[in-house]
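Dear colleague,

I am handing over the structure below, with the notes I made on it. Please read them next to the coordinates.

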Amino acid sequence: MAEFSEKYIITDEIKADEYLVNIGPQHPSTHGVLRLLTRLEGEIVHNVEPHIGYIHSGIEKMTEALSYPQIVHLTDRMDYLSAHMNNEAVCLCVENALQVEVPERVKYIRTIFDELQRLASHQLWWCASGMDLGALTAFFYGLRDREDILDIFEETCGARLTLNYSVPGGVMFDIHPNFQKSVKAFITKFRKKLPEYDKLLTDNIIFQNRTKGVGVLSKEDAIAFGVTGPTGRASGFSCDVRKHHPYSAYPYIKFDEKLGTDGDSFMRWKVRMDEMWESMNIIEQLIDNIPEGDFAVKMKGVIKLPEGEFYQRVESARGEFGVYIVSDGKKNPYRVKFRSPGFSNLFTINHIAKGWKIADLVAIMATFDLVIPDIDR
Amino acid sequence: MKSFFNYIAEIFSGVWTLLTGMKVTAKYFFTPWKNVTQQYPENRDTLVMYDRFRGEVIMPHNENNEHKCTGCGLCENACPNGSIEIISKSIVNEEGKKKRIIDQHIYHLGMCTFCNLCVRACPSDAIVMGQKFEHAHWDRSTFTKVLNQPGSKIMEGIKE
Ligand code: SF4
Ligand code: SF4
C-alpha cells in the first residue's frame, strides 16, 4: 500500500528543494484541458493548484441571448457525458416555473434516459480511469459496452452524445418502437459484462494497492466542500438528489442510495460500480410500465417565464447539477447560473492529495470522474 | 516469520488476480468473431444509419422540383446559432397580388449543431434531418448550402 508521508506536509512558501510541475493543460490523465500546478518535492505532492479557464465557453452568458428551448441544447456541451440530465434540469426548471404538468409517459422516458446516460457515463469513467492507472484493455471494453447505449440513443433521438432530447414540455420524439426491446437486450447483456469489469480491474491486486487508502476524503470535508454525487457518497455523505428531492419518475420506484464508508479512491470506485447495478434495477422497474399517452404537452411558440427566480436540481452522473434561472418576464432569461458538480468536486483535490505521490494524484483524479467543460462551462 | 508468509501469500494472490483478469482478455482474444468493431470505411455501401439520425438539414423536393417551404422564417428564429438564413423575394402572382416567397434557404452546415430545433419549428415540414454524416471537406465554402434547388417551386396546397 502506498505510504502517506505526513511529515512532508508543508506551509505555503516554496522551499529550496521543492519545484513546480505543470500537469496539463494537455495531459491524458486530466481528461481535458485542466492544468494542475503541482508543487513537488521529489515525487511527493506538496500542493496542487487547479487552474481552469482553458475551455471556458461562456455558456452561462450565452444563454442570456437565447430562448428557453435553445438553452437546452447548449447544456449538452457542459457535462457532455450527462447530456440528458443537463437537458432535463433546464426543462424541469422551465416547466416548474410555468407550472406545466408533463404527462406520465414523459416522466418515465426521461428517467430511463437518465439512467441509461448514467450507465454510459460510468462506463466511460470506468474505462478511462482504468487507462489512467495503466490498464489499457479496460478502455476498449468500456467503450465497447458503451456503444450499445449510444446506439439506443441514436435510434430514439438521432444523436449519440449531444442528445438534446428533452424539450420544455416533454421529449422531442416518442420512443422508437424498438426502444423497449433494445434496452432490455442491453441490460441482459450488460449484467453479464459487469462482473467482467470486476475481474479485470476491481479485484486486481495492483489496482487495489494503488487505490485503497489513497486520497481519503472525510465526510465532514465532503460536506464542507460541497462534494456531491458518487464522490460524496463514497465518503458516507448521503446526497443523492434522486432520493432527497425526487423528480420525474424517481418517486415511483425503489432503489438504494449506494453509500461508502472510507472515502478513499477505492471506495469512490466501488460506489460507481454499485451504481451501475442500481441503474439497471431502476431501468428494469420502469421499462415495462411506460404509460401510454402523449410524449409532450403543447407549449406556446414563444416560451416566457414569469418574473422571478427558479432553481431545479437533478442528479447527474457526477453529482448535483443545478439550474438557477432569473427571469424578468421576457423570452430570454435575465441570468442563468449552472451549479456543476465537477467544480466543487475538483477543488477538494489540494486538500486530499497533499502528501501523496504523484502517481497517487493520478489515481485520485481518475476516481473523481472529472469532465472539464462541466467545471469550466 | 509471519510477515514473510504474508509476503509470499500476497505474491500468490496477486498473481492469481492477474490471471483472473487475463482470463477475461484471453476469452476475447480467442473468440475474435464475437468482437464488435465495424469495418467502417469498407462497409460504407451496406452501412445504414438509424432513420432518426441527425446528420444534416435537408429540404426534400418531389419529382417536379417542388418543396414545401413557404419562407416563413420560423426555422431561422428557432436556430440557436444562426445557421439558417432565409432570403425571400416578392413576386406578383396570377391574380395580381403581391406575395413573398422563398428565394434562398441558406444553411451553414459548418455552424450547425444538429439540434433539430429548426425541424421542430417548421410548420409545413419542409426541412428534415438527413442521414449523411461524412461532411469533411477541403474547402470551407462547401459548407454553405442553398437548400431549395435552383428553379424549384412551392408545392400546391401548402398553407402559408
Ligand atoms: S439543427 Fe439546430 S443548429 Fe442546425 S440549423 Fe437546425 S436549428 Fe440550427
Ligand atoms: S423551412 Fe419551414 S420554417 Fe423554415 S422558412 Fe421554410 S417553411 Fe418556414
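**Sheet in chain B**

S3(B) and strand S4 (residues 98-108) of chain B pair in the antiparallel sense, over nine bridges. One residue pair can serve as a marker when you look for this pairing: Ser90(B) has Arg100(B) in S4(B) as its bridge partner. Please keep in mind that this is a predicted model.

The pairing belongs to an open sheet of three strands in chain B, in the order S3-S4-S6, with antiparallel pairing. Strand S3 (84-92) and strand S6 (144-146) of chain B each have a single partner strand and stand at the edges, so one side of each is left without a neighbour in the sheet. From one strand to the next, the twist averages 25°.

**Contact between chains A and B**

On the chain A side, 32 residues are in contact with 27 residues of chain B. The two chains, A and B, bury about 2500 Å² between them, and 56% of that lies on carbon and sulfur atoms.

How many salt bridges are there between chain A and chain B? The count is one. It is formed by the side chains of Glu196(A) and Lys27(B), at 2.8 Å from N to O. Polar contacts across the interface of chain A and chain B come to 15 residue pairs, with both residues at pLDDT 80 or more.

Which elements give two or more residues to the side of chain A that touches chain B? They are helix H2 (68-75), helix H5 (136-157), helix H6 (179-202) and helix H7 (205-211) of chain A. H5(A) provides the largest share of that side, eight residues.

**Domains of chain A**

The domain assignment divides chain A into domain 1 (2-51) and domain 2 (67-301). Taken over C-alpha atoms, the centres of domain 1 and domain 2 of chain A are 32 Å apart.

Four residues of domain 1 of chain A are in contact with four residues of domain 2 of chain A. Between them these two domains of chain A bury about 270 Å², of which 48% is on carbon and sulfur atoms. The rule finds zero salt bridges across the interface of domain 1 and domain 2 of chain A. The count of residue pairs in polar contact between domain 1 and domain 2 of chain A is also zero, with both residues required to be at pLDDT 80 or more.

Regards

How values were computed:
Residues are numbered from 1 along each chain as its sequence is written. Chains are lettered from A and ligands numbered from 1 in the order in which they are written. This is a predicted model: local features need pLDDT of at least 70, side-chain atom pairs count only at pLDDT 80 or more; totals for chains, interfaces and linings use all residues. Side-chain values use heavy atoms; hydrogens and water are left out. Two strands pair if DSSP finds at least two bridges between them. Helices (H or I, at least four residues) and strands (E, at least two) are DSSP runs, numbered from the N terminus. Axes are lines fitted to C-alpha atoms, for helices over the stretch in contact, and angles run from 0 to 180 degrees between N-to-C directions. Domain bounds come from an automatic or database domain assignment. Contact means heavy atoms within 4.5 Å. Buried area is the accessible area (1.4 Å probe) that two parts lose on being put together, summed over both. A salt bridge is a side-chain nitrogen of Lys or Arg within 4 Å of a carboxyl oxygen of Asp or Glu. A polar contact is a pair of N or O atoms within 3.5 Å; within protein, one must be able to donate a hydrogen and the other to accept it, and residues adjacent in sequence count only if both atoms are side-chain atoms.
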